[in-house]
Amino acid sequence: QVQLVESGGGLVQPGGSLRLSCVASGNIFLITLMRWYRQVPGKERELVAGITSSGSIDYADSVKGRFAISRDAAKNTVYLQMNSLKPEDTAVYYCNHVYNPVYGGREFWGQGTQVTVSS
């Protein structure tokens, strides 16, 4: 089992920045993929960014050049630095971790943190 706790959400004006954090605990040594998703009411959850345990990174086209995902392995923490925020970035942001497929590829989710971009 893996437990994920997100923090860092809030209200920010357009053009502003926020940094989300996701702290993992439990059987974290089995994790090989860490991702951030977001969801707005009435829409499907959208993949925002992902980072592998080896450091490979990918982003959704809508956030490329504005968001940056990183990890601090010593702190068991994944970050999402969000810059140049737009109203359309408003969503609940979820942290997601995935077990190595060798161990079943199980996924774990945090409780979500609200990000609101508004003037």
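**View 1. Strand 1 against strand 3.** Val5 sits across from Val23 of strand 3. A little further along, Ser7 has Ser21 of strand 3 as its bridge partner. Strand 1 and strand 3 (residues 18-26) are antiparallel and joined by six bridges. Strands here are DSSP runs of E with at least two residues, numbered from the N terminus (helices would be H or I runs of at least four), and two strands count as paired if DSSP finds at least two bridges between them. This is a predicted model, where local features need pLDDT of at least 70, side-chain atom pairs count only at pLDDT 80 or more, and totals for chains, interfaces and linings use all residues. Residues are numbered from 1 along each chain as its sequence is written, and side-chain values use heavy atoms, with hydrogens and water left out.

**View 2. The open four-stranded sheet.** Pull back a bit and four strands make an open, antiparallel sheet in the order 1-3-8-7. Strand 1 (2-7) and strand 7 (67-72) are the edge strands with a single partner strand each, so one side of each has no neighbour in the sheet. From one strand to the next, the twist averages 15°, with axes taken as lines fitted to C-alpha atoms (for helices, over the stretch in contact) and angles running from 0 to 180 degrees between N-to-C directions. Strand 3 also pairs with strand 8, again antiparallel, over six bridges. Look there for Leu20, which faces Leu80 in strand 8.

**View 3. Two loop residues with positive phi.** Asn76 isn't a glycine, yet its phi is positive, at about 55°. Asn76 belongs to the loop between strand 7 and strand 8 and is partly exposed, at 32% relative accessible area. Ser84, another non-glycine with positive phi, has a value near 50°. Find Ser84 in the loop between strand 8 and strand 9 (91-99); Ser84 is partly exposed, with a relative accessible area of 41%. (Buried means under 20% relative accessible area, exposed over 50%, and partly exposed in between, using a 1.4 Å probe and protein chains only.)

**View 4. The largest pocket.** This pocket holds about 180 Å³ of space. A pocket is an open set of points on a 1 Å grid over the protein atoms alone, where a 1.4 Å probe fits, with protein on both sides within 12 Å along at least five of seven lines; lining residues have an atom within 4 Å of a point. Of the 13 lining residues, Arg38, Val40, Lys43, Glu46 and Glu88 lie nearest the centre. The lining breaks down into eight charged, three polar and two nonpolar residues.

**View 5. The second largest pocket.** The volume here is about 150 Å³. Thirteen residues line this one, with Ile28, Met34, Arg71, Asn76 and His97 closest to its centre. Strand 4 (31-39), strand 7 and strand 8 (77-82) are the elements giving two or more residues to the lining. By class, that lining has seven nonpolar, four polar and two charged residues.

**View 6. The chain around these close-ups.** Eleven strands and zero helices make up the elements of the protein chain. The radius of gyration is 14 Å, close to the 14 Å from the globule rule for 119 residues, so the chain is as compact as a globular protein of that length. The C-alpha trace spans about 45 × 25 × 25 Å along its principal axes, and 39% of the 119 residues are buried.

Key:
Grid points are joined across faces, edges and corners, and a volume is the space filled by probe spheres set on the points. Ala, Val, Leu, Ile, Met, Phe, Trp, Tyr, Cys and Pro count as nonpolar, Asp, Glu, Lys and Arg as charged, and the others, Gly among them, as polar. The radius of gyration is taken over C-alpha atoms; the globule rule is 2.2 Å times the number of residues to the power 0.38.
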